[in-house]
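Visitor: I should like to learn how helix packing and sheet order are read from a model. May we work through an example together?

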Amino acid sequence: MFCLRSWLSILLLINAAPVYVALFIAGTFALRKPCVYCSILLCVLIFTILDFSGDWFEARWQPTVETVSETLSSLVSGNATIRDAALETASAAVSVINGTSGALASAAVEGVRRRIGGGNASLGTTWSAFEWLRGVTDKVSLRIPCVDVTLRFQLVKIMADRDVLSGDVKPSNYAISLFDLQAGEPWTYQGKCSIDLEVKNSTKSITLNTHELKIHSVEVFSEAGKTASSVKASKTEYDTKNQRCTFSFDQPLPESPKAVLTIAFEGTMNNHMAGFYRSAYKPTVEASKGVAKDGESHYMFSTQFESSDARRAFPCFDEPNLKATFDFEIEIPDDLVALSNMPESETKKSKDGHKVVSFERTPLMSTYLLAWAFGDFEYIEEFTRRKYNGKNLPVRVYTTRGLKEQGRLALESAHQVVDYFSEIFRIDYPLPKIDLLAVHSFSHGAMENWGLITYRTTAVLFDEYASDQKYRNRVVYVVAHELAHQWFGNLVTMDWWNELWLNEGFATWVGWYAVDHLHPDWDVWGQFVTEGMQMAFQLDSLRTSHPIEVPVRNALEVDQIFDHISYLKGSSVIRMLASYLGTDTFLQGVSDYLKAHTYGNATTNDLWSALSKASGQDVATFMDPWIKKIGFPVVTIAEEPGQISVKQTRFLSSGDVKPEEDETVWWIPLNIKTGPDATDAQRNPLTTKEDTYCDIDTSFYKPNANQTGFYRTNLPPQRLIELSKSLDKLSVQDKIGLVGDAKSMAVSGLGTTAAVLSFMEGFASETNYLVWSEVLSSLGIARQIFASDPQVAEGLRNFTLKLVTAATDKVGWEFSQQDDYLTGQSRALLLSTAGLMGHEGVVKEAQRRFQAFVDGDKKAIHPSLRSAVFKISVKNGGEAAYRAVQKEYFTTEAVDGKEITLHSMGQVQSPDLAKDYLTFGFSGKVAIQDIHSVGVSLANNSKVRDTLWEYLKENWPMLREMLGGNMVVLERAMRMCLMHFASFEVLEDVENFFKDKDTTGYDRGLAVATDTIRSNAQYKERDLELVREWLSAHGYMK
């Protein structure tokens, strides 16, 4: 049989005249009968490599890597022909076939794209053909038998969907100096940024990223040959929409390996939690004299650059694959502390009362990882136990003065995690220090800036005596998550934002992996299943979901994909893969991946290649649908004696999957537990739409053991009831998965709420906090959906109360020294649920403790029960209790106190108090970072949910102005406030309200909210009467 391997290298390297090449190919074709795939490739290669317009008897060039590189440069600069473009594309195509040079293909296409941008008509025609080919081949994956490879047509799609900066210049180092910082209005600062560049192609302009910066002057110093020159920009043009700035020069900048672009500029230390910004706080001890003040507020200053806000702080080439090193210095008051990614290198006196602090040069990294901060800081310190370059590394937690001791938990966790990750990744932490900084205003949870990790205060500070114990878990996890990024994201960075999941999905999984190592008694994988997987399922079951690897045209689109898909679905499929390959094998592949791309950028395929090599399996083949396709499957099971039949289809919460939405065939590890001892039954993964599995003991079986697979299971209704009688055979993860799956089947119409309620009756004697969390969360969704019907709502309340009463009475109010973490969390959850459902004894005791607390006995309420007691008291105590909790918001000294009081005040029972709370929330008295807590607490309260929507509509201009400075904040608030409704009328109202609004920056979140409302409304319409009938038949309706 004809084999590409027998002639491909000769065809590519031959330096003969075209006539001889043509005769060789024709003869080989006639004698060896190639397959259809090889025939297509032969045609492509013939028409791209042979120049039919030239001399057929003249020897030709050899398309080596070097010549392709030269062609690319010529093409971009305008010196190449269409034939050159075809040649480079053909060479790149062969590279893709061999699986070694995907990046070359990207460069080829980008070269053609840029050339077309210059207005060449013939190339425009060529590009149209490229676009057509891309549209066709993007959906095709071919197996070529004679080379034993799968050809995934990615040749012409990689760069076409990106709006990136020109490749004419490339940065290598930034020298940034900030001075004349105004500690008050207008909060401006002056800056100088000198960027070392390679001028790759002669050009008369340079475009980079700026946002809300004022450019004073621009000059380029260059060395070309033996001469040096400088030229000033003759014109500066701002592209506000795309956050770019173009500097034009009267004469071309020559190609040069070394040029320096020097920019003088002015910026603002804003209050939007993006770029270089200020955070207001009230000091707990006397502050230093140099601290900026504004009325009662004091200020610290820090940065938040991910994803695309470095451009708010200094002019830069703000794309993740344009890595560079950074030198940084800043002028600050003498008595304040400055921090950055690297250790301080020098401090020198400046103008009166000020100093200039300089820092060592960073390693090669992306702009979004640069960070600096200054303020009235103090720190606590530990050292790693491992040695790095012969030294134990310093690990510090910085806070504003008076709070450092609350950083002990984070500090103790951090130094252990750094050592642990250095061990399992087989790569030592590469920087000379690790700093963790508590920031008073923070839009996210934390940010992994290399060497200077910044955190929301509740994600890094913990008071052993005053904090709710649930924050202990949060602090340890978030610390581990951000430290994971120091390798996975910082040392090796995704090539472009479409592969954000490489950063966030892995950091989420390995963050939990590290917490499990430190605290095996916390059962973190049970927590992951109930908090992580279920949230990922919820978003990914919507039509408005997106693939894990999602197209991102420019960096301005990326903020909205920092969501449960990138983080939680990403980590869920990684957990599934690690379980299948074996964790040791998986981590070996991860280590190989990190070592191969150290200080560089990488793609999903790079990770798959490393894992394939480590495991000996074709990882890309079975994982690509999970990464590149939207949604996830539900596996429907039918029972027969001794065997089960399984069928996979896409799952939508709306239940109305269309045929064209159900074309993906996922690789699904079934992981079946079966038999009287619930032992694992090894079965091949499901790789077709339908299959049958034999030798199954149908007296007991549980698919998806320990919920390691990211899919729902639709069991026969009777099987669900039988499993509720055998809960002792199931792991915590199994129980959580069964509850979550059953609830989702009801929502979608593949099951019924009646079946779920029957199943849940078996959990009355459950003792595990994580299982209770999933059970009560699922019941909470049902109560939310059916809340508009008073009779059914009352029946569900009675059902919930009966379910939890025995467990609540058993767990009691008092904490003991013997209680473990999970027992304490169970107590808080059960008391809160029972009290809010009307348990008379719990309500009475909560109100007694609350009154004692209000009267001055701060020990009357255990820190972990503040949330339960406050919520129960506000719900049952009217305005007096609401005002008391509002007062606690202002006076609390606990780091978690404001979050707890905000969520508690949402339990108000009247529209008037709800309006009062909203007015309070948007009065400026609640930090912007916390405003969504106001809305979410009311959205979760069926009594006042409609009041929330009316307020949002009536006050939209004010809300848009207040929250719109940071689109992350606005998107989060809109999505979380709206997605709890379950009415077609509200859905129509929401869609009509926003149809004439500019929703740029929060359109994806708004689509998620409306899709969720639609699914909720369909569920209510379908199941309301069935729920009523079941509740009545079982005595819950009075």
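Visitor: How are α20 and α31 oriented to each other?

Guide: Two packed helices are described by the angle between their axes and the distance between the axes. In this predicted model, local features need pLDDT of at least 70 and side-chain atom pairs pLDDT 80 or more, while totals for chains, interfaces and linings use all residues. Residues are numbered from 1 along each chain as its sequence is written, and side-chain values use heavy atoms, without hydrogens and water. Helix α20 (residues 790-811) packs against helix α31 (residues 1003-1033) at about 50°, with axes 10 Å apart. The two are therefore oblique to each other (neither under 35 degrees, nor over 145, nor 65 to 115).

Visitor: Which residues in α20 and α31 meet?

Guide: Gln791, Val792, Gly795, Leu796 and Phe799 in α20 meet Leu1024, Val1027, Arg1028, Trp1030 and Leu1031 in α31, contact meaning heavy atoms within 4.5 Å. These residues comprise 7 nonpolar, 2 polar and 1 charged, with Gly counted as polar and Arg as charged.

Visitor: What is the order of the strands in the open sheet?

Guide: The 5 strands follow the order β19-β20-β21-β23-β22, with mixed pairing; strands pair if DSSP finds at least two bridges between them. β19 (377-388) and β22 (446-447) stand at the edges with a single partner strand each, so one side of each lacks a neighbour in the sheet.

Visitor: How many bridges join β22 to β23?

Guide: There are 2 bridges between β22 and β23 (residues 452-456), and these strands run antiparallel. Met447 lies opposite Thr454 in β23.

Key: Helices (H or I, at least four residues) and strands (E, at least two) are DSSP runs, numbered from the N terminus. Axes are lines fitted to C-alpha atoms, for helices over the stretch in contact, and angles run from 0 to 180 degrees between N-to-C directions.
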